[in-house]
Amino acid sequence: MAAQKINEALEHIAKAEKYLKTGFLKWKPDYDSAATEYGKAAVAFKNAKQFDQAREACLREAEAHENNKALFHAAKAYEQAGMMLKEMGRLPEAVQLIEKASMMYLENGTPDTAAIALERAGKLIENVSPEKAVQLYQQAASVFENEERLRQALEMLGKASRLLVRGRRLDEAALSLQKEKSIYKEIENYPTCYKKTIAQVLVHLHRNDYVAAERCVRESYSIPGFNGSEDCAALEQLLEGYDQQDQDQVSEVCNLPLFKYMDNDYAKLGLTLVVPGGGIKKKSPNAAQDKARGPAAAGSHADEEEDEYSGGLC
């Protein structure tokens, strides 16, 4: 079966090369017919699991389409060549070809297809090079935003933000989340704005920037419905606990369903949040004084409290 497909592919390549030849009565190569034959050869090689030969056929197809000024079809062929490289495990090279295809889609005036190609490239490289994936997702988001396809832009920005958090690139994550929140506010999806505010605060606290976290909550009061929401109340409690170095209060807030059922990367930020100073609770002034005076003083203070209520509350 494989040998039959390979022979079929070689026949198509021979036909393609014949279409490209010129002669006394044929002054110009037939790029369109040659591209069609190279495309058929690529499919046959792919079916025979000969991915490197399939890649080569796709590249020749792309070149023929370019010579014929058919940019969209050339981009499709480059994208297919990239997918052959993916089958061979050569992911960085695959991404390069898909990026080239996306640029040609843009040049051809089909930006949506360009953005989809960039997203596909991001998915391919995400586990190998998260940094490159972030760049690709952000490029895709930018293309979608320019086309006013904000839902798709937000999807890409969300992927970029989560990868930045996962990679502990928290300064960039804070900016990415702010961009997300701005667009959600623009399209009046206010409940999601609240969730993005929680994510922002967690990121800022992991950056040890309490001022930025507090400012983030303060600015969110302008979002309709935020003030008085459970998100707002939880964040105020979180900031209070963090400011007072009360690890118990911080952990209690971060274990609320509101935090635990966020996207995994943000939920982990909550579960690993440690207050400055290691979370030692502040002692009350009386407790500190009693410790300084010794056991007798502590007993005396306790007696005073008991005497104060010995006659009842009335």
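**Warm-up**

Phe226 is buried, with a relative accessible area of 0%. "Buried" means under 20% relative accessible area, "exposed" means over 50%, and "partly exposed" is in between (1.4 Å probe, protein chains only). Before you start, note that this is a predicted model: local features need pLDDT of at least 70, side-chain atom pairs count only at pLDDT 80 or more, and totals for chains, interfaces and linings use all residues. Residues are numbered from 1 along each chain as its sequence is written, and side-chain values use heavy atoms, with hydrogens and water left out.

**Exercise 1: the overall picture**

Work out how many helices and strands the protein has, and what share of its residues count as buried.

*Solution.*
- Step 1: Go through the secondary structure. You get 17 helices and zero strands. Helices (H or I, at least four residues) and strands (E, at least two) are DSSP runs, numbered from the N terminus.
- Step 2: Turn to burial. Of the 314 residues, 44% count as buried.
- Step 3: Look at the outside. About 17,400 Å² is exposed, and carbon and sulfur atoms supply 49% of it. Accessible areas come from the Shrake-Rupley method with a 1.4 Å probe; for residues, only the protein chains shown count as cover.
- Step 4: Check how the chain meets itself. Take the contacts (heavy atoms within 4.5 Å) between residues at least 6 apart in sequence: 56% of them join residues at least 24 apart.

**Exercise 2: ring pairs**

Find how many aromatic pairs the structure holds, then describe the pair made by Phe72 and Tyr105.

*Solution.*
- Step 1: Know the rule. Rings of Phe, Tyr and Trp (its six-membered ring) pair if their centres lie within 6.5 Å; planes under 30 degrees apart count as stacked, over 60 as edge-to-face and the rest as tilted.
- Step 2: Count. There are four aromatic pairs.
- Step 3: Take Phe72 and Tyr105. Their centres are 5.4 Å apart with 55° between the planes, and this pair is tilted.
- Step 4: Place the partners. Phe72 sits in helix α4 (residues 71–87) and Tyr105 in helix α5 (residues 91–108), 33 residues apart, and the pair links distant parts of the chain.
- Step 5: Check burial. Phe72 is partly exposed at 26% relative accessible area, while Tyr105 is buried at 0%.
- Step 6: Now try Tyr221 and Phe226. Their ring centres are 6.0 Å apart and the planes meet at 50°, so this pair is tilted. Tyr221 is partly exposed at 34%.
- Step 7: Join the rings up. Ring pairs link Tyr194, Tyr221 and Phe226 into a cluster.

**Exercise 3: the nonpolar core**

Identify the residues with the most contacts inside the largest nonpolar core.

*Solution.*
- Step 1: Define it. A nonpolar core is a set of buried Ala, Val, Leu, Ile, Met, Phe, Trp, Tyr and Cys residues joined through side-chain atoms within 4.5 Å.
- Step 2: Read off the answer. The largest core has 89 residues, and Val201, Leu202, Leu238 and Phe259 have the most contacts inside it.
- Step 3: See who contributes. Helix α8 (residues 150–166) gives the most to this core, with nine residues.
- Step 4: Check the domains, whose bounds come from an automatic or database domain assignment. The core draws at least three residues from each of domain 1 (1–88) and domain 2 (179–275).
- Step 5: Zoom in on Val201. Leaving aside its neighbours within four places in sequence, Val201 is in contact with Ala213, Cys216, Val217, Leu235, Leu238 and Leu239.
- Step 6: Recall a general trend. In soluble globular proteins, nonpolar side chains tend to be buried together.

**Exercise 4: salt bridges**

For the salt bridge between Lys159 and Glu119, give the closest N and O distance and say whether Lys159 is buried or exposed.

*Solution.*
- Step 1: The rule is a side-chain nitrogen of Lys or Arg within 4 Å of a carboxyl oxygen of Asp or Glu. The whole structure has 20 salt bridges.
- Step 2: The closest N and O atoms of Lys159 and Glu119 are 3.2 Å apart. Lys159 is in helix α8 and Glu119 in helix α6 (residues 111–125), 40 residues apart.
- Step 3: Lys159 counts as buried at 17%, and Glu119 counts as buried at 13%.
- Step 4: Compare with Glu93 and Arg90, whose side chains meet at 2.9 Å, N to O. Glu93 is partly exposed at 36%, and Arg90 is partly exposed at 28%.
- Step 5: Finish with the network. Salt bridges link Glu17, Asp52, Arg55, Glu56, Arg60, Arg90 and Glu93.
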